[in-house]
Amino acid sequence: MKTNIWSVDKYVDIDSGYPQIQQAADLLNKNEVVAFPTETVYGLGGNAKSDEAIAKIFAAKGRPSDNPLIIHIANKEQLTELVSEVPEKAEQLMEAFWPGALTIIFRLKEGALSKLATAGLVTVGVRMPDHPVALRLLEEANLPIAAPSANTSGKPSPTTALHVKEDLDSIIAGIVDGGPTGVGVESTVIDCTDAVPTILRPGGVSQEEMEKVIGEVKLDKALVNKESAPKAPGMKYTHYAPNAPLFLVRAPRERIQELVAEERRNGKKAGVLTTEENQDFYQADYIFVCGKRAELSTVAANLYDGLRSFNHSNVDIIFSEMFPYEGLGHAIMNRLMKAASHQVIE
């Protein structure tokens, strides 16, 4: 299959019309799958009402079919077609954070979507992306679009069109290139079907930010329970892993350098994932600086690019610094823990 690639400048007034976006929307209406940028990561979009389209998403990613997909919409009117009720707290969260990096779990309206998209669950995760190209594409397609990250399942999520091309060229119908994404980690997923909303996946909107709007918000313990059926993407299976084994180090930077030196003495190439504050400290075969520790938004924005960059460095092992579990740090550590298969050196 030839993969079409359309370049779109998100800073240009896209309301003036882009034939590239219309072409991509036409393919979505023909039940093909198309990658497109959001403010978090690139998504792999398909018609959420079509079993054919959803099957193509799973096939392209190599993704297990018991992992539900997030549904992307262009406006709140579309939401009423998909869900049976909108709780008050969900409405408050939408007012505060939509469009944006927040996926809300609702009770599904029976028959509204392909059961493949929801993995047969009675709930569905929905979000409205905060990206002009994504919104325009969703408007043109006039469909609810299921869109997991546009990468091979288990590998680091894509934050540029090049990342998508590396994984899915000749496998999918098209890629809308809208430039690098902004947030860099996926949306927060919050379940609003119970009295106290529960975060199922930390992401671009923090627990602290949501609690300012709706009061108490719980963090779900099932994030680490592999036996439970996932209500949201990212709750099951290994994700985000580079090719070389990754270890997180809960210790001062001196300990990381000792680990690097030991591997190099044994004839292995070692890499380090670090921040600007520490970049000049390490001596390793490859060092990726993912941002500023004092500004975790910069770390989130560069995290997946960093994990992917190790695949081109020929290192045998990777050591990473850890980050505080606060604000955006929850999302960063969630992704790093999954990428490292929870391997932590104390």
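The paragraphs below lead through one strand with its neighbours and then turn to the enclosed space in this predicted model.

A convenient place to begin is strand β2, which spans residues 34-37 and is covered on both of its faces. On one side V34 and F36 are buried, and on the other side A35 and P37 are buried as well, where a residue is called buried if its relative accessible area is under 20%.

From β2 the path leads to strand β3, residues 42-47, which runs antiparallel to β2 and is joined to it by 4 bridges. The two strands form a hairpin, with 4 residues lying between them, and within this pairing P37 of β2 stands opposite Y42 of β3. Strand β2 also pairs with strand β8, residues 174-177, this time in the parallel sense and over 2 bridges; here A35 is the β2 residue that stands opposite I175 of β8. P37 and A35, whose side of β2 is buried, can thus be followed outward to β3 and to β8 respectively.

The second topic is the space enclosed by the protein atoms. The model has 3 cavities of 30 Å³ or more, and the largest cavity holds about 240 Å³ of space. This largest cavity is lined by 26 residues, of which A147, P148, S149, E186 and R201 are the closest to its centre. Sorted by class, its lining consists of 13 polar, 7 nonpolar and 6 charged residues; for this sorting, alanine and proline count as nonpolar, while glutamate and arginine count as charged.

Terms used
Residues numbered from 1 in each chain as written. Predicted model: local features only at pLDDT ≥ 70, side-chain atom pairs only at ≥ 80, totals over all residues. Heavy atoms only, no water. 1 Å grid on protein atoms, 1.4 Å probe; cavity = no way out; pocket = protein on both sides within 12 Å on 5 of 7 lines; lining within 4 Å. Points joined across faces, edges and corners; volume = space filled by probe spheres on them. Buried < 20%, exposed > 50% of the residue type's maximum accessible area, 1.4 Å probe, protein only. Pairing = 2+ DSSP bridges.
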